[in-house]
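Colleague: I'm new to looking at protein folds, and I'd rather see one part properly than everything in a rush. Please pick one region of this model and take me through it slowly.

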Amino acid sequence: MLKFEIITEADARRIDVGATVELAKGGHITPLARDTLQSRRVTVIPAGSSDAHLPSDLAPAADVRRVAIGNDHTGIAMKQAILRHLRGKGLAVLDLGTNATESVDYPDIAGQVARSVARGESDAGIVIDGAGIGSAIAANKIRGVRAAMCTDETIARYAREHNGANVLTLGSTLLPGTDAAIRIVDTWLGTAMREARYIRRLLKIRRLEENPE
């Protein structure tokens, strides 16, 4: 693992995207370097920290460029509004349906979105059903996925920053409208997970997946 006394903007640009590096005690990060480190999803931890060997792929992507989105028959209008909003911001959005009013089963849609995230095809996923709860349960059955049902911006921020959620689920019947849903989505996508103590807890979640007994 790379160790620095000082991290300049030039140093930050040379660090691999998504890497974790150590900063010596009393070390310094220049203001420009901080912005570059954030955009490159680099985690900086104190030298000698017990968190020094955390896998760098645990935290969700901070710079989201590709989003998978899906919905059941209750979430068509909300999905379409979010899709237009995200594409308007320049994000690549994979629409996994449904766009028909016939009843569909939310586990099928949630599974498709979750697998896209787990395989690295998408940086983040969004699933919409009536309450958002069932889709969260279904998505969380896919290894590597951490899905959270969010009803407001505060929960969305916590789900991302503290819990590293890489899939967001929304309840079309619980939210007051598409504007509220878009605010939740923007907060969720715009929140990064950086503190080593939070990432360390994700490692424990991964171990629960690997050793459920």
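Modeller: Let's follow one sheet strand by strand, then look at a pocket that shares a helix with it.

Before we start, keep in mind that this is a predicted model, where local features need pLDDT of at least 70 and side-chain atom pairs count only at pLDDT 80 or more, while totals for chains, interfaces and linings use all residues. Numbering runs from 1 along each chain as its sequence is written, and side-chain values use heavy atoms, with hydrogens and water left out.

Our sheet is an open one with three strands, lined up as E1-E2-E3 and paired in parallel. At its edges are E1 and strand E3 (43-46), each pairing on one side only. Ignoring direction, neighbouring strands here are turned by 55° against each other on average. Helix H2 (residues 31-39) packs on this sheet, where it touches E1, E2 and E3, and its direction makes about 165° with that of E2.

A few words need pinning down. The labels are DSSP runs numbered from the N terminus: helices are H or I with at least four residues, strands are E with at least two. Two strands pair if DSSP finds at least two bridges between them. Touching, or contact, means heavy atoms within 4.5 Å. Angles run from 0 to 180 degrees between N-to-C directions, using lines fitted to C-alpha atoms (for helices, over the stretch in contact).

Now zoom in on the first pair. Strand E1 (residues 3-7) runs parallel to strand E2 (residues 20-29), and four bridges hold the pairing. You can walk along it: lysine 3 has glutamate 22 of E2 as its bridge partner, phenylalanine 4 has leucine 23 of E2, and isoleucine 6 stands opposite histidine 28 in E2. How does the chain get from E1 to E2? Helix H1 (residues 9-14) joins in, and E1, H1 and E2 make a right-handed β-α-β unit. Right-handed means that, with the strands pointing away from you, the path from the first strand over the helix to the second runs clockwise.

On the other side, E2 and E3 are also parallel, joined by four bridges. Find threonine 20 and you'll see threonine 43 of E3 opposite. This time the chain crosses from E2 through H2 to E3, in another β-α-β crossover that is right-handed.

H2 also brings us to the pocket. The second largest pocket holds about 230 Å³ of space. Its lining counts 15 residues, and those nearest its centre are Ala62, Asp63, Val64, Leu189 and Gly190. Two elements give two or more residues to that lining: our H2 and helix H7 (178-189). Sorted by class, the lining has six nonpolar, four polar and five charged residues. Here Ala, Val, Leu, Ile, Met, Phe, Trp, Tyr, Cys and Pro count as nonpolar, Asp, Glu, Lys and Arg as charged, and the others, including Gly, as polar.

How is a pocket found? On a 1 Å grid over the protein atoms alone, a pocket is an open set of points where a 1.4 Å probe fits, with protein on both sides within 12 Å along at least five of seven lines, and lining residues have an atom within 4 Å of a point. Points are joined across faces, edges and corners, and the volume is the space filled by probe spheres set on them.
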